[in-house]
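Trainee: I should like to learn how individual features of a model are read. May we go through them in turn, with the structure in view?

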Amino acid sequence: MKGRRTLLALVEVAAWWVPLAALWLVLISGVDPLELAVGAGASALTAFVARGARRAVSGR
């Protein structure tokens, strides 16, 4: 059961990360490796924060 919960958490974070990373790519002016790394990191951090906020609001 714990493995399933972990898998669902990873899927939720990935579901947040993909659109956030895509938004980052749309908003930057030039695509270079440093920009991609910063965007991936910022999107990952924001995805974890969004998951935490959703859990705090829903009480799960």
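Mentor: Let us begin with a helix cap. This is a predicted model, and in it Asp 32 caps the N-terminal end of α2. The cap is recognised by a side-chain oxygen of Asp 32 that lies 3.2 Å from the backbone nitrogen of Leu 34.

Trainee: What is found just after α2?

Mentor: Gly 59 follows there, with a positive phi of about 80 degrees.

Trainee: How does the expected span of α2 compare with the distance between its end C-alpha atoms?

Mentor: The expected span is 1.5 Å times one less than the number of residues. For α2, with 26 residues, that gives 38 Å, and the end C-alpha atoms are 37 Å apart, so the two values agree.

Trainee: Which residues of α2 are buried?

Mentor: A residue counts as buried under 20% relative accessible area. In α2 the buried residues are Gly 39, Ser 43, Ala 47, Ala 50 and Arg 51. These buried residues pack against α1.

Trainee: Arg 51 is a charged residue in that list. Which residues does Arg 51 touch?

Mentor: Leaving aside residues up to four places away in sequence, Arg 51 touches Ala 9, Glu 12, Val 13 and Trp 16. Arg 51 itself lies in helix α2, and its relative accessible area is 18%, which is why it is classed as buried. A C-alpha distance offers another view: Arg 51 and Ala 15 are 9.9 Å apart in space, although 36 residues separate them in sequence.

Trainee: Is Glu 12 buried or exposed?

Mentor: Glu 12 is buried, because its relative accessible area is 17% and the limit for burial is 20%. Glu 12 is part of helix α1, which covers residues 2–27. Apart from residues up to four places away in sequence, Glu 12 touches Arg 51 and Arg 54.

Trainee: How many salt bridges does the structure hold, and how is one read?

Mentor: There are 2 salt bridges. To read one, look for a side-chain nitrogen of Lys or Arg within 4 Å of a carboxyl oxygen of Asp or Glu. The side chains of Glu 12 and Arg 51 satisfy this at 3.4 Å, N to O. This pair links distant parts of the chain, with Glu 12 in helix α1 and Arg 51 in helix α2 (residues 33–58), 39 residues apart.

Trainee: What is the N to O distance in the salt bridge between Arg 54 and Glu 12?

Mentor: The side chains of Arg 54 and Glu 12 meet at 2.6 Å. Arg 54 lies in helix α2 and Glu 12 in helix α1, so this pair ties together parts 42 residues apart in sequence. Arg 54 is partly exposed, because its relative accessible area is 33%. Considered together, Glu 12, Arg 51 and Arg 54 are linked in a network of salt bridges.

Trainee: To turn from charged to nonpolar side chains, which residues form a nonpolar patch on the surface?

Mentor: Such a patch is built from residues with over 30% relative accessible area whose nonpolar side chains are joined within 5 Å. Here the patch consists of Leu 23, Val 26 and Leu 27, with about 330 Å² of accessible area together.

Trainee: Where is Val 26 placed, and is it buried or exposed?

Mentor: Val 26 is in helix α1. Its relative accessible area is 64%, and a residue over 50% counts as exposed, so Val 26 is exposed.

Notes
Residues numbered from 1 in each chain as written. Predicted model: local features only at pLDDT ≥ 70, side-chain atom pairs only at ≥ 80, totals over all residues. Heavy atoms only, no water. Helix = DSSP H or I, 4+ residues; strand = E, 2+ residues; numbered from the N terminus. Buried < 20%, exposed > 50% of the residue type's maximum accessible area, 1.4 Å probe, protein only. Contact = heavy atoms within 4.5 Å. Patch = residues over 30% accessible without salt bridge, like charges linked within 9 Å, V, L, I, M, F, W, Y side chains within 5 Å. Areas by Shrake-Rupley, 256 points an atom, 1.4 Å probe, with all protein chains shown as cover. Polar contact = N/O pair within 3.5 Å; in protein donor to acceptor, adjacent residues only side chain to side chain.
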